[in-house]
Amino acid sequence: MKIVFAGTPEFAAQAMRAIHDAGHEIVMALTQPDRRAGRGMHLQASPVKVFALEKNIPVLQPETLRRNNVDEKKKSQAEEVYQKLSQIDFDVMVVVAYGLILPQEILDISERPGRYGSFNIHASLLPRWRGAAPIQRAIESGDRKTGVCIMQMDAGLDTGDTVLVEELAIADDETSGTLHDRLAKMGAKLIVKSLNQLQDGKDLATTPQANIGVTYAEKILKSEAEIDWNLDAQQIAARIRAFNPFPGATTSLNGLPIKLWNARISKENHGYLASPGEVLGLSDQGVCVQCGSGSIEVLEMQKPGGKRMNAKTALQTFEDIEKSLCFKSGADSF
């Protein structure tokens, strides 16, 4: 199969590598423009671009795919993509976490006679968690399962018919980082299975999404990272794990900004009333903290300029923990 691939982050690059390793030919890659990142704020290529250049795959990086109501530079970039897609020979388009909306005219090119259309790898059990951040929102909301859908794309936001679906359980200690890796592996496997079926001349049975149970996974904002200790323990622990690795849950400890990277519900019985955010003591593996209802065990934290470390070890550097330490909302970001 000849593939046009559109994607940006590592989740997409893993699928791209699997497609290439399965013997399919990626004739063109679309990815977002290089972005400044890191302490030096240097321009960095996306994981998809890095792989494409390694395999000598042509790459286009438009800022938008819309040709109307944009400035001349963006219009020219979108026009180049439109013309290249119209001219090259390909069988199917695969889209994974691209980050740009595909206009109907782009989808139409992939659906011309002799082509199979556009397929998307989406990291949720649609119609639950359509949108930008399905992995984080699933953990934050306490979902017990999630999965991957291979979807035939249409002009809506993750509204197309599903082709292949596979689910997995969300572990109690799951972070967005660990779940991302499991779902990326699953998505890569399923898209290769889909392409192989098309290559073998087998029809891909499509299933319309249900009209009930629709939820939207809004983009994660840094402003959401601050922990509200008045929430119940279940919500706080889930949020800390959902925001690992991005943006990292933030709080302050005796005025010092702190990031929390992992937590779970505490099973300790401390036997006295405490204020939300108050440190209740040390456990075998972490630090017990009072919430609005119940308590959590913080397992991993980070001080400004430091590395992530075991929370118990980090807290032991503070003095008089049983009398004075209290986590507060309103911490400055790192």
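Is Asp154 buried, partly exposed or exposed, and what is the relative accessible area of Asp154? In this predicted model, Asp154 has a relative accessible area of 33% and is therefore partly exposed, since buried means under 20% and exposed means over 50%. Asp154 is located in the loop that lies between strand E9 (145-152) and strand E10 (162-169). Together with Asp108, Glu111 and Asp161, Asp154 forms a negative surface patch.

A second set of results concerns strand E15, which spans residues 287-290. Both faces of E15 are covered. On one side the buried residues are Val287 and Val289, and on the other side they are Cys288 and Gln290.

Strand E15 pairs with strand E14 (residues 279-282) in the antiparallel sense, and three bridges are found between these strands. Within this pairing, Val279 has Val289 of E15 as its bridge partner. The connection from E14 to E15 is a hairpin of four residues.

Strand E15 is also joined to strand E16 (residues 295-302), again in an antiparallel arrangement, by four bridges. Here Val289 has Ile296 of E16 as its bridge partner. Val289 is thus named in bridges to both neighbouring strands, with Val279 and with Ile296, and Val289 is also one of the buried residues of E15. The hairpin of E15 and E16 has four residues between the strands, and in this hairpin Gly294 takes a positive phi near 80°.

Definitions and conventions:
Residues numbered from 1 in each chain as written. Predicted model: local features only at pLDDT ≥ 70, side-chain atom pairs only at ≥ 80, totals over all residues. Heavy atoms only, no water. Patch = residues over 30% accessible without salt bridge, like charges linked within 9 Å, V, L, I, M, F, W, Y side chains within 5 Å. Areas by Shrake-Rupley, 256 points an atom, 1.4 Å probe, with all protein chains shown as cover. Salt bridge = Lys/Arg side-chain N within 4 Å of Asp/Glu carboxyl O. Lys, Arg positive; Asp, Glu negative; His and termini not counted. Charge placed at Lys NZ, Arg CZ, Asp CG, Glu CD. Helix = DSSP H or I, 4+ residues; strand = E, 2+ residues; numbered from the N terminus. Buried < 20%, exposed > 50% of the residue type's maximum accessible area, 1.4 Å probe, protein only. Pairing = 2+ DSSP bridges.
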